[in-house]
Amino acid sequence: MFYELICIARAGLMEANFKDLVRNSAKHVLERGGVVRGFENWGEMPLAKRTRRHQEYHTRGHFWLMHFDTNPVVIAELRKMFNNDPRVIRGNIVKLGERLEDIVERPDKTH
């Protein structure tokens, strides 16, 4: 199954710390038989509203995206990992489709 992870990390993380978060996420998928299709780093942006996470308020976050294939058990493990990681403000995983044909033609893309 094909998934998209949209993650908001703390703003102002050191580059090595941010890379470690991304690397651990990909490694978690790969070690359990999944395939990582790609990453997008959207950079730091203001959050839509002030958010409290890990006993702190956040107004900015570092947004990044990961496309991957894996099974539902790994999805549950990733969610648990992001809930416990103090570097993560929010993490959301969206199922894109069951098969490759489901996501090849995306209607939101222009021709």
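Among contacts in the protein between residues at least 6 apart in sequence, what percentage join residues at least 24 apart? In this predicted model, the share is 76%, and a walk through the elements gives that figure a setting.

The protein has three helices and four strands, and along the sequence these elements follow the pattern β-α-β-β-α-β-α. Of the 111 residues, 38% count as buried, while the surface that the protein exposes comes to about 7,300 Å², with carbon and sulfur atoms supplying 51% of it.

Turning to the interior, the largest nonpolar core holds 18 residues, and those that touch the most other members are Leu5, Trp64, Met66, Phe68, Phe82 and Ile93. Two or more residues come to this core from each of strand E1 (2-10), helix H1 (15-31), E3, helix H2 (72-84) and strand E4 (88-97), and H1 gives the most, with five residues. In soluble globular proteins, nonpolar side chains tend to be buried together. Met66 offers a closer view of one core member: leaving out residues up to four places away in sequence, Met66 touches Tyr3, Glu4, Leu5, Ser25, Ala26, Val29, Val36, Gly38 and Phe39.

A further residue to follow is Asp69, which lies in strand E3 (residues 56-69). Asp69 counts as buried because its relative accessibility is 11%, and the cut-off for buried is under 20%. Its side chain makes a polar contact with the side chain of Arg37, at 2.4 Å. When neighbours within four places in sequence are set aside, Asp69 is in contact with Met1, Phe2, Val29, Gly34, Val35 and Arg37.

Note on methods:
Residues numbered from 1 in each chain as written. Predicted model: local features only at pLDDT ≥ 70, side-chain atom pairs only at ≥ 80, totals over all residues. Heavy atoms only, no water. Buried < 20%, exposed > 50% of the residue type's maximum accessible area, 1.4 Å probe, protein only. Polar contact = N/O pair within 3.5 Å; in protein donor to acceptor, adjacent residues only side chain to side chain. Contact = heavy atoms within 4.5 Å. Areas by Shrake-Rupley, 256 points an atom, 1.4 Å probe, with all protein chains shown as cover. Core = buried A, V, L, I, M, F, W, Y, C linked by side-chain atoms within 4.5 Å.
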